[in-house]
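Reader: I'm new to this one. Can you walk me through it?

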Amino acid sequence: MIGYITQWLKSYSNSSKTKGFVIGISGGIDSALTSTLCAETGKPVIVLNMPIRQFKREFELSNLHINWLKKNYSNVSSHTVELTSVFDSFEQQLPEETRDFLSMANSRSRLRMTTLYAFACHHQLLVAGTGNKVEDFGVGFFTKYGDGGVDISPIADLMKSEVYALAKELNVIEEILAARPTDGLFADGRTDEDQLGASYDELEWAMVNAEVKNTAALSERQKTVLEIYKNLHRKNQHKMQAVPVCVIPEELRKI
């Protein structure tokens, strides 16, 4: 599977006449796997650590992975882009009522997306997405036009368990493999499980069993997880589907 994804990345870059890839490194398993797969292509890869009021451990994990990448792949270069002051300035320009917890968390992600595209445009690179199948097509756990704003999605058809399996196969460092998943967007350090109400193992199970009919055979926890999954899947359809286009009937066109 690793060879297949790597070749897909390489072929897409070649056909799009781009030189390589740029990826934001969060200190989590998804960005670690994505960046390693991109590095495996042999094409130029730029990885960015973009702290915004970041927890020290998240910043350190990102740097540990970046250093491991650069040690093992000569085609990888890196930059740390400190965005805290930029974010602070942006936040202060907003009316106070718009500075709520979730709006500001999503704004962090969108600021990072803008940074990635600045590098992508200048160096003629593709922005590689780091979302997996559970996040992108199961529960919609990403920021619209933030970490969801990418050019290609090399791991978006991988379940979370497959992400871990491939990362282990590629020898991603143990600290990343053992870290609790977090999007790093909240100042209180909440994990993905805290936000979602279920672990990725549970959500992966729910995604596979979403259409189960005999719920009587399920445990109470399984029923709860199924409800969490279905609610998130329904609520976040606007992220998973194309932007609605108002199609004008021909009979209304006068020009």
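Author: One definition to begin with: the expected span of a helix is 1.5 Å times one less than its number of residues. Keep in mind that this is a predicted model.

Reader: OK. What does helix α1 reach from its first C-alpha to its last?

Author: Helix α1 covers residues 2-15, which is 14 residues, and reaches 20 Å. That is close to the 20 Å expected at 1.5 Å a residue.

Reader: Which residues of α1 are buried?

Author: I2, I5, T6, L9 and S13. Seen down the axis of α1, these buried residues fall within an arc of 100°, so they line one face of the helix.

Reader: And what is on the face turned away from the buried side?

Author: That face of α1 carries the exposed residues Y4 and S15.

Reader: What do the buried residues of α1 pack against?

Author: They pack against two strands, β1 (20-24) and β4 (125-127), and two helices, α2 (29-40) and α7 (160-169).

Reader: Let's stay with α2. At what angle do α1 and α2 pack?

Author: The angle is about 70°, and the axes are 8 Å apart. That makes α1 roughly perpendicular to α2, because angles of 65 to 115 degrees count as such. On the α1 side the contact is made by I2, I5, T6 and L9, and on the α2 side by L37, C38 and E40.

Reader: Is α2 mostly covered or mostly open?

Author: Mostly covered: 11 of the 12 residues of α2 are buried. Among them are I29, D30, L33, L37 and C38.

Reader: What follows each of these two helices?

Author: α1 is followed by K17, with a positive phi near 60°. α2 is followed by G42, and its phi is also positive, near 85°.

Reader: Switching to the sheet. What is the strand order?

Author: The order is β3-β2-β1-β4, in an open sheet of 4 strands with parallel pairing. β3 (76-80) and β4 stand at the edges with a single partner strand each, so one side of each has no neighbour in the sheet. From one strand to the next, the twist averages 25°.

Reader: How many bridges are there between β2 and β3?

Author: β2, residues 45-49, pairs with β3 over 5 bridges in the parallel sense. One of the residues involved is I46, whose bridge partner in β3 is S77.

Reader: Last one. Which strands does helix α5 lie across?

Author: α5, residues 101-123, lies across β1, β2, β3 and β4. Relative to β4, helix α5 runs at about 160°.

Methods:
Residues are numbered from 1 along each chain as its sequence is written. This is a predicted model: local features need pLDDT of at least 70, side-chain atom pairs count only at pLDDT 80 or more; totals for chains, interfaces and linings use all residues. Side-chain values use heavy atoms; hydrogens and water are left out. Buried means under 20% relative accessible area, exposed over 50%, partly exposed in between (1.4 Å probe, protein chains only). The arc is that of the directions from the helix axis to the C-beta atoms. Contact means heavy atoms within 4.5 Å. Two strands pair if DSSP finds at least two bridges between them. Axes are lines fitted to C-alpha atoms, for helices over the stretch in contact, and angles run from 0 to 180 degrees between N-to-C directions. Angles under 35 degrees count as roughly parallel, over 145 as roughly antiparallel, 65 to 115 as roughly perpendicular and the rest as oblique.
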